[in-house]
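Work through the following exercises with the sequence and the model side by side, and try each task before reading its solution.

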Amino acid sequence: MLDIQRFRQLNEQAKRLADEIGNLLIEVFHYLALFVIGASIVWSAVVAYGGMMLQGHATIGDILLLFIYLELGAMVGIYFKTNLMPVRCLIYIAITALARLLIADIQAHHQADMGILLVSGGILLLALSTVIIRKPSDDT
């Protein structure tokens with residue numbers, strides 16, 4: 001009976017040790033992945049800015065692209081500090097991307113069509129979703 005009790009204690013200790021090692025590995029991977037994502041955002045933004053400098057000017061689409069990089073960086077920073085995914089940042093990125101698409105479409109075609117209306121409707125839906133997300137729930 002004593003051997004079984006000792007075996008159970010060793011088993012529990014082994015489980016706790018495995019959990020601690022697993023948690024440490026997950027945390028290391030989490031930070032490493034965040035640094036890689038952050039570095040990729042910075043790298044992409046620098047390359048885009050370099051292209052603007054070589055071009056000699058920045059279009060409105062280029063500036064909106066830099067705002068997308070800014071929001072992505074802010075999202076990574078918020079996630080790094082809080083471990084919470086800021087959904088509003090994703091919506092802001094989507095709104096900026098759709099605005100960039102809309103401006104590029106208007107500059108390229110110079111005519112109103114159904115695509116402009118659909119993209120504008122998408123921007124409106126995303127803007128309304130930010131209002132809904134910001135409202136506190138009634139059960140608090």
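**Exercise 1. Locate asparagine 83, then describe its backbone and its exposure.**

Solution. Begin with the position: in this predicted model, asparagine 83 sits in the loop that lies between α2 and α3. Next, consider the backbone, where asparagine 83 has a positive phi of about 60° although it is not a glycine. For comparison, most residues other than glycine have a negative phi. Finally, take the accessibility: because partly exposed covers the range between under 20% and over 50%, asparagine 83, with a relative accessible area of 46%, counts as partly exposed.

**Exercise 2. Decide whether histidine 30 is buried or exposed, and find its contacts.**

Solution. Histidine 30 belongs to helix α1. Its relative accessible area is 18%, and since buried means under 20%, histidine 30 is classed as buried. When neighbours within four places in sequence are left aside, the residues in contact with histidine 30 are Tyr79 and Asn83, the latter being the loop residue between α2 and α3.

**Exercise 3. List the residues of the largest nonpolar core and work out which helix gives the most to it.**

Solution. The largest nonpolar core has 8 residues, namely Leu34, Ile41, Ala45, Ala48, Met52, Leu65, Tyr69 and Val76. Both α1 and α2 (60–82) supply at least two residues each to this core, and α1 gives the most, with 5 residues. Apart from this core lies another, of 6 residues, which includes Ile91, Leu102, Val119 and Ile123. Returning to a member of the largest core, Leu65, one finds that it touches Ala48 and Arg100 once residues up to four places away in sequence are not counted.

**Exercise 4. Check the length of helix α3 against its expected span, and identify what covers its buried residues.**

Solution. Helix α3 runs over residues 87–109, and its 23 residues, at 1.5 Å a residue, should span 33 Å; the end C-alpha atoms are 33 Å apart, so the two values agree. The buried residues of α3 are Cys89, Ile91, Ile93, Ile95, Thr96 and Leu102, and their cover includes α2 and α4 (114–134). After α3 comes histidine 110, with a positive phi near 55°.

**Exercise 5. Find which residues make a nonpolar surface patch with Leu17, and classify the exposure of leucine 17.**

Solution. Leu17, Ile21 and Leu25 together make a nonpolar surface patch of about 300 Å². Leucine 17 lies in helix α1 (residues 2–55), and its relative accessible area of 54% makes it exposed, because exposed means over 50%.

Terms used: Residues are numbered from 1 along each chain as its sequence is written. This is a predicted model: local features need pLDDT of at least 70, side-chain atom pairs count only at pLDDT 80 or more; totals for chains, interfaces and linings use all residues. Side-chain values use heavy atoms; hydrogens and water are left out. Patches are made of residues with over 30% relative accessible area and no salt bridge: like charges are joined within 9 Å, nonpolar side chains (Val, Leu, Ile, Met, Phe, Trp, Tyr) within 5 Å. Accessible areas come from the Shrake-Rupley method with a 1.4 Å probe; for residues, only the protein chains shown count as cover. A salt bridge is a side-chain nitrogen of Lys or Arg within 4 Å of a carboxyl oxygen of Asp or Glu. Helices (H or I, at least four residues) and strands (E, at least two) are DSSP runs, numbered from the N terminus. Buried means under 20% relative accessible area, exposed over 50%, partly exposed in between (1.4 Å probe, protein chains only). A nonpolar core is a set of buried Ala, Val, Leu, Ile, Met, Phe, Trp, Tyr and Cys residues joined through side-chain atoms within 4.5 Å. Contact means heavy atoms within 4.5 Å. The expected span of a helix is 1.5 Å times one less than its number of residues.
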